[in-house]
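Student: I would like to learn how to read the features of a protein model, one at a time. Could we begin with the aromatic rings?

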Amino acid sequence: MFCDAGSGLRTIIAIHSTARGPAFGGCRVWSYASDADALRDALRLSHGMSLKNALAGLPFGGGKAVILKPVETPERASLFQAFGKRVDMLGGRYITAEDVGSTTDDMRAVQRNTAFVSGIPRDGSFGGDPSPKTAWGVFLAIDEAVRHVMKRPLDGVTVAVQGLGSVGMALCRHLHAAGARLKVSDLDQDRVRYAQSTFAAMPVDSDQILATPCDVLAPCALGGVLNASSVPRVAAAIVVGASNNQLLTPADGDALHARGVLYLPDFLVNAGGIISAAREYLGTGDEAEVMREIGMIRQRVAELLERSGGQAPFRVAQQWAEALVG
């Protein structure tokens, strides 16, 4: 753990693998119950980034940073400048970007002290907030899963979206445009009201959204929501969402599969954001090329479903990705 008394920074940078290239993954800002919880989250997230980057065909390994949210509101620019110094100390072994709790402005502050950062609008070139790209990839995965399981397009399909942050709200926009009926939940009721008025979404209590009857459940909040308590209550035929590490344990994925629920792993479907951030960092590709690359998520979903046969797709996807990690 890196600490900086002046800014209040307390951060953990986890590097899972550099076999494919520098470890690339965002910086999460969160209130953790303990340092051990923060470490556990960073390690799980960094492993997920290795799988995600490998399946997406990116020349990067997996890493992730977490900043333990200070009790007192910090001066954010100072906090992230201090974080940038810590990233720079690693000499390019880890490249950061925004994640839950961090923003484009935060990455600008990081950029003052290191070049190993992405997700920043850049004059005359591709770049910026990758969350809309994440949402688009998840939308494509949902559409492909519905066509595979339900043999129909999204028009009239009911999708329950848990979490209306930047990715969840953008996902709702795509789903609504495709004719899906939306159920939504978020702790921020202003976001729920916005989804109601803009997408004709039905609000659902946050403690009921995982169990609400629907065709597709899209977890777009935090990880670990699919667990021994929630999985028996899932009332969807398909689970495809944007949040990382949705399964608390692999056994929870097996339990979904045993119930006949198609679960597509997050590290496959939510790769749009890291594809965007990676191409920005590398300086390769324009908007159209990046969108075409994100569009390959649909093909990878189709390939995974073909590979899986009667096996749990998330197990097959993990084996596929681990083989590519090297």
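Tutor: Rings of Phe, Tyr and Trp, the last by its six-membered ring, pair if their centres lie within 6.5 Å. Keep in mind that this is a predicted model. In it, F24, F60 and Y281 form one aromatic cluster.

Student: How many aromatic pairs does the structure hold?

Tutor: The structure holds 7 aromatic pairs. In one of them, the ring centres of F80 and F83 are 6.4 Å apart and the planes stand at 80 degrees, so this pair is edge-to-face. Both residues belong to helix α2, which covers residues 76–89, and they are 3 residues apart, about one turn of the helix. Both F80 and F83 are buried.

Student: And how are the rings of W136 and F139 arranged?

Tutor: W136 and F139 form a stacked pair, with 5.2 Å from centre to centre and 25 degrees between the planes. Their setting is helix α4 (residues 131–149), where they are 3 residues apart, about one turn of the helix.

Student: Are W136 and F139 buried or exposed?

Tutor: Here the cut-off matters, because buried means under 20% relative accessible area and exposed means over 50%, with partly exposed in between. W136, at 25% relative accessibility, therefore counts as partly exposed, whereas F139, with a relative accessible area of 9%, is buried.

Student: What lies over the face of W320?

Tutor: A ring can also have a charged side chain over its face, and in this model R307 lies over the face of W320, at 4.1 Å from the ring centre.

Student: Returning to α4, how far does this helix reach from its first C-alpha to its last?

Tutor: Helix α4 has 19 residues and reaches 27 Å between those two atoms, which is close to the 27 Å expected at 1.5 Å a residue. Of its 19 residues, 14 are buried, so α4 is largely enclosed by the rest of the structure. After the helix comes K151, whose phi is positive, near 55 degrees.

Student: Which residues have the most contacts inside the largest nonpolar core?

Tutor: That core has 64 residues, and those with the most contacts inside it are I142, V161 and L175. The largest share of this core, 8 residues, comes from α4. If we set aside residues up to four places away in sequence, I142 touches L154, L171, L175, V216, A218 and V240. There is also a second, separate core of 19 residues, which includes A65, L79, L90 and M107.

Student: How should I read a single residue, and where does S118 lie, for example?

Tutor: A careful reading takes the place, then the burial, then the neighbours. S118 is in the loop between α3 (104–111) and α4, and with a relative accessible area of 0% it is buried. Its side chain makes a polar contact with the side chain of E280, at 3.4 Å. Leaving aside neighbours within four places in sequence, S118 is in contact with several residues, including F24, T96, M107, E280 and Y281.

Student: May I apply those steps to A14, and ask which strand A14 lies in?

Tutor: A14 lies in strand β2, residues 9–17, and with a relative accessible area of 5% it is buried. Not counting residues up to four places away in sequence, A14 touches A42, L43, S46, G62, G63 and K64. A14 and C172, by contrast, are 158 residues apart in sequence and 32 Å apart in space, C-alpha to C-alpha.

Terms used: Residues numbered from 1 in each chain as written. Predicted model: local features only at pLDDT ≥ 70, side-chain atom pairs only at ≥ 80, totals over all residues. Heavy atoms only, no water. Phe/Tyr/Trp six-rings, centres within 6.5 Å; stacked < 30°, edge-to-face > 60°. Helix = DSSP H or I, 4+ residues; strand = E, 2+ residues; numbered from the N terminus. Buried < 20%, exposed > 50% of the residue type's maximum accessible area, 1.4 Å probe, protein only. Lys NZ or Arg CZ within 6 Å of the ring centre and 35° of its normal. Expected span 1.5 Å × (residues − 1). Contact = heavy atoms within 4.5 Å. Core = buried A, V, L, I, M, F, W, Y, C linked by side-chain atoms within 4.5 Å. Polar contact = N/O pair within 3.5 Å; in protein donor to acceptor, adjacent residues only side chain to side chain.
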